[in-house]
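Let's take a friendly walk through a protein model, going from the whole chain down to a single residue. Have a look at the picture first, then read on.

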Amino acid sequence: MKKTILYIIFLLGIFAEVKADGVSSSFTVYKEFKPCTITLADGRKLSQPFANIFLKNSTLLYVSGGLTKQADVKAVTAVDFEDRHYIRIDTLLCFLVDTLGADALYKATIIDVPAYNRLLLNNHQLTNIDFSFNSIIQTSSIDLENESEIKMPLIDIFYYRFNGKMYRVHERELLRQLPKDKRRILKTFMNMSGFSWTDSDSLMKLLKALQMNQSSND
């Protein structure tokens with residue numbers, strides 16, 4: 001059996017960037033590693049000429065000594081690329097989507113590994129996929145005419161910064177954590193035609209509604 005190991009993140013320029021339709025043929029947000037400024041947990045700032053965001057778990061990748069390494073999640077609090085500002089929320093690096101006064105919407109995009117594995121069950125070209133960082137992606141049987149045929153489904157995870165706190169933007173989490181008056185607003189929005197938990201515009205409209213009468217309730 002032909003055995004091929006593909007170190008995807010080293011093959012810069014082969015794979016396309018993340019697609020807007022929620023499917024990617026890349027394991028990183030950017031097609032090529034880019035300069036960034038890293039803010040560490042102790043407050044120090046470091047300049048890194050070659051960095052990227054790993055789509056497996058939305059963590060920081062950087063090049064050091066000719067090797068691509070994954071940064072310690074707990075050591076990084078923010079990462080600034082030319083076009084995006086990321087902050088660490090839980091274990092994910094999330095980028096700023098939009099702000100509304102002091103509040104904000106953040107998003108992390110990651111590979112939906114369970115969905116990808118389900119797709120592989122019907123694809124005899126790929127077997128034994130290993131998503132560990134050290135191997136990046138390892139296949140024990142691969143005969144693709146074009147590497148771009150590798151398509152991985154993506155999922156978006158959203159967070160609100162609302163009233164000084166971070167909230168996972170998820171129906172169950174918001175209903176559990178928001179005060180009673182805000183839960184009523186949330187339920188109203190959930191029943192509105194066109195509302196979507198995966199649409200940034202919908203979520204910003206919800207955030208604006210949650211801000212209503214905020215000052216009088218504080």
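In this predicted model, 53% of the contacts in the protein chain between residues at least 6 apart in sequence join residues at least 24 apart. What is the chain built from? It has 5 helices and 13 strands. Some overall values for the protein chain are gathered here.

| Property of the protein chain | Value |
|---|---|
| Residues counted as buried | 41% of 218 residues |
| Exposed area | about 12,100 Å² |
| Share of exposed area from carbon and sulfur atoms | 50% |

Now let's zoom in on a pair of helices. Helix H3 covers residues 180-190, and helix H4 covers residues 200-211. Their axes come within 9 Å and cross at roughly 150°. Angles over 145 degrees count as roughly antiparallel, so H3 and H4 are roughly antiparallel to each other. Their crossing is right-handed.

Which residues of the two helices meet? On the H3 side they are Lys182, Ile185, Leu186 and Phe189, and on the H4 side Lys205, Leu206, Ala209, Leu210 and Gln211. Sorted by class, this contact has 6 nonpolar residues, 2 charged ones and 1 polar one.

Finally, let's visit one residue, Ser202, which sits in helix H4. Is Ser202 buried or exposed? Its relative accessibility is 9%, and buried means under 20%, so Ser202 counts as buried. Setting aside neighbours within four places in sequence, Ser202 is in contact with Gly194, Phe195 and Ser196.

Technical notes. Residues numbered from 1 in each chain as written. Predicted model: local features only at pLDDT ≥ 70, side-chain atom pairs only at ≥ 80, totals over all residues. Heavy atoms only, no water. Helix = DSSP H or I, 4+ residues; strand = E, 2+ residues; numbered from the N terminus. Buried < 20%, exposed > 50% of the residue type's maximum accessible area, 1.4 Å probe, protein only. Contact = heavy atoms within 4.5 Å. Areas by Shrake-Rupley, 256 points an atom, 1.4 Å probe, with all protein chains shown as cover. Axes fitted to C-alpha atoms, helices over the stretch in contact; angles between N-to-C directions. Parallel < 35°, antiparallel > 145°, perpendicular 65-115°, else oblique. Left-handed = near helix turned anticlockwise from the far one by under 90°. Nonpolar A, V, L, I, M, F, W, Y, C, P; charged D, E, K, R; others polar.
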